[in-house]
Amino acid sequence: MMNFKKILPRIGMCLVWFALITQFILMLLNREVSVFELIIRFFSYFTITTNLLVALYFTNLVWPENGFWRDRLRSGSAATAITTCILIVGIVYQTLLKDLWRPTGLQRVADQLLHGIIPLFMLGYWLVIVKSQNIGLKSVYSWLLYPIGYLAFALGRGYLSGFYPYPFLEIKKIGFTQTAINIGLIALGTIMMLTLLTAIGRGIQKLKGPATRHQ
């Protein structure tokens, strides 16, 4: 198990940073807007920001340093919340977005990594390593502020600039009611997934007995 604890974060770190950097370079090479606008749009995708969280999580495990935020990022609660978010990325893409385009070449590689391989890798890592760590209810549910904050940003900027990162958020095209339904369904799925993983983790903790608090 110790070998897995050392090897898996390194693999995860390399996979995610490669995918993120590749995706940014491809967008840069094919841009139709200014570099400044492209950078904003790049970070307007929940896929990108969530994969960035995964990258930071694994990087923090590979090169651990002390500090309040770095300690929290290494916690079982953080891993559970990040796993939930990246799984939502994969599920939403496979169910709503996959058929909207047909990437080829290196773009297809980046696309598969960001929406398929990395979510499955993070889930596998959670199942092998994280599930038996301490998962605090307050800490794990506080991570819901991340998707809420993202949603506020995406909708606010979309309203001001006209650019929405995802078609199911385009209020001007599909209407407020449909947008609210879409958001509600994704939010429900996120809460259910987070609750399920938290319940599994806390159930395993009870079976193993008291664990050292690390939230």
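Start with the second largest pocket and select helix α5, which supplies the largest share of its lining, 6 residues. Keep in mind throughout that this is a predicted model.

**Stop 1: the second largest pocket**

Add α3, α8 and α10 (176-208) to the selection; like α5, each of these gives at least two residues to the lining of this pocket. To find the middle, pick F46, I88, P147, I186 and T190, which lie nearest the centre among the 22 lining residues. The volume of the second largest pocket is about 440 Å³. Colour its lining by residue type, and 19 residues come out nonpolar and 3 polar, with no charged residue.

**Stop 2: the largest pocket**

Now clear the selection and pick Q23, M27, Y45, W101 and P165. These residues lie nearest the centre of the largest pocket, which has 26 lining residues. Its volume is about 790 Å³. Show the helices around this pocket: α1 (2-29), α2 (35-42), α3 (46-62), α5 (76-97) and α6 (105-128) are the elements that give two or more residues to the lining. Which of them gives the largest share of the lining? Helix α6 does, with 4 residues. Coloured by type, the lining of the largest pocket has 16 nonpolar, 5 polar and 5 charged residues.

**Stop 3: G124 on α6**

Stay on α6 and select G124, which sits in this helix. Is G124 buried or partly exposed? With a relative accessible area of 29%, G124 is partly exposed. For a sense of distance, draw a line from the C-alpha atom of G124 to that of F58: the two are 66 residues apart along the chain and 13 Å apart in the model.

**Stop 4: T49 on α3**

Go next to helix α3 and select T49. Its relative accessibility is 16%, so T49 counts as buried. Show the side chain: one of its polar atoms lies 3.2 Å from the backbone oxygen of F46. F46 was picked at the first stop, as one of the residues nearest the centre of the second largest pocket. Apart from residues within four places in sequence, the contacts of T49 are F43, Y146 and Y150.

**Stop 5: S44 in the loop before α3**

Step back along the chain to S44, in the loop between α2 and α3. The relative accessible area of S44 is 2%, so this residue is buried. Look at its side chain, where a polar atom lies 2.6 Å from the backbone oxygen of I40. Then show what surrounds S44: setting aside residues up to four places away in sequence, it touches Y150, F153, R157, F163 and P165. Two of these names occur at other stops: Y150 is also in contact with T49, and P165 is among the residues nearest the centre of the largest pocket.

**Stop 6: R157 on α8**

Follow the contact from S44 to R157, in helix α8 (residues 145-161). Is R157 buried or exposed? R157 counts as buried, because its relative accessibility is 16% and the cut-off for buried is under 20%. Show its contacts beyond four places in sequence: they are E37, I40, R41, S44, G162 and F163. I40 is thus a place to pause, since its backbone oxygen is also the partner of the S44 side chain. For a longer line across the model, join the C-alpha atoms of R157 and D111; they are 46 residues apart along the chain and 24 Å apart in space.

**Stop 7: S161, also on α8**

Move along α8 to S161. At 39% relative accessibility, S161 counts as partly exposed. Its side chain takes part in two polar contacts with the backbone. In one, the side chain reaches the backbone oxygen of R157 at 2.7 Å. In the other, a polar atom of the side chain lies 3.2 Å from the backbone nitrogen of F163. F163 is also a contact of both S44 and R157. A line from the C-alpha atom of S161 to that of A78 spans 32 Å, with their positions 83 residues apart in sequence.

**Stop 8: confidence**

Finally, colour the chain by pLDDT. The average is 90, and 93% of the residues score at least 70. Select residues 211-215, where the pLDDT is below 50; in the model this stretch has 12 contacts beyond near neighbours in sequence.

Methods: Residues are numbered from 1 along each chain as its sequence is written. This is a predicted model: local features need pLDDT of at least 70, side-chain atom pairs count only at pLDDT 80 or more; totals for chains, interfaces and linings use all residues. Side-chain values use heavy atoms; hydrogens and water are left out. pLDDT is the predictor's confidence in each residue, from 0 to 100. Contact means heavy atoms within 4.5 Å. Buried means under 20% relative accessible area, exposed over 50%, partly exposed in between (1.4 Å probe, protein chains only). On a 1 Å grid over the protein atoms alone, a cavity is a set of points where a 1.4 Å probe fits but cannot get out, and a pocket is an open set with protein on both sides within 12 Å along at least five of seven lines; lining residues have an atom within 4 Å of a point. Grid points are joined across faces, edges and corners, and a volume is the space filled by probe spheres set on the points. Ala, Val, Leu, Ile, Met, Phe, Trp, Tyr, Cys and Pro count as nonpolar, Asp, Glu, Lys and Arg as charged, and the others, Gly among them, as polar. A polar contact is a pair of N or O atoms within 3.5 Å; within protein, one must be able to donate a hydrogen and the other to accept it, and residues adjacent in sequence count only if both atoms are side-chain atoms.
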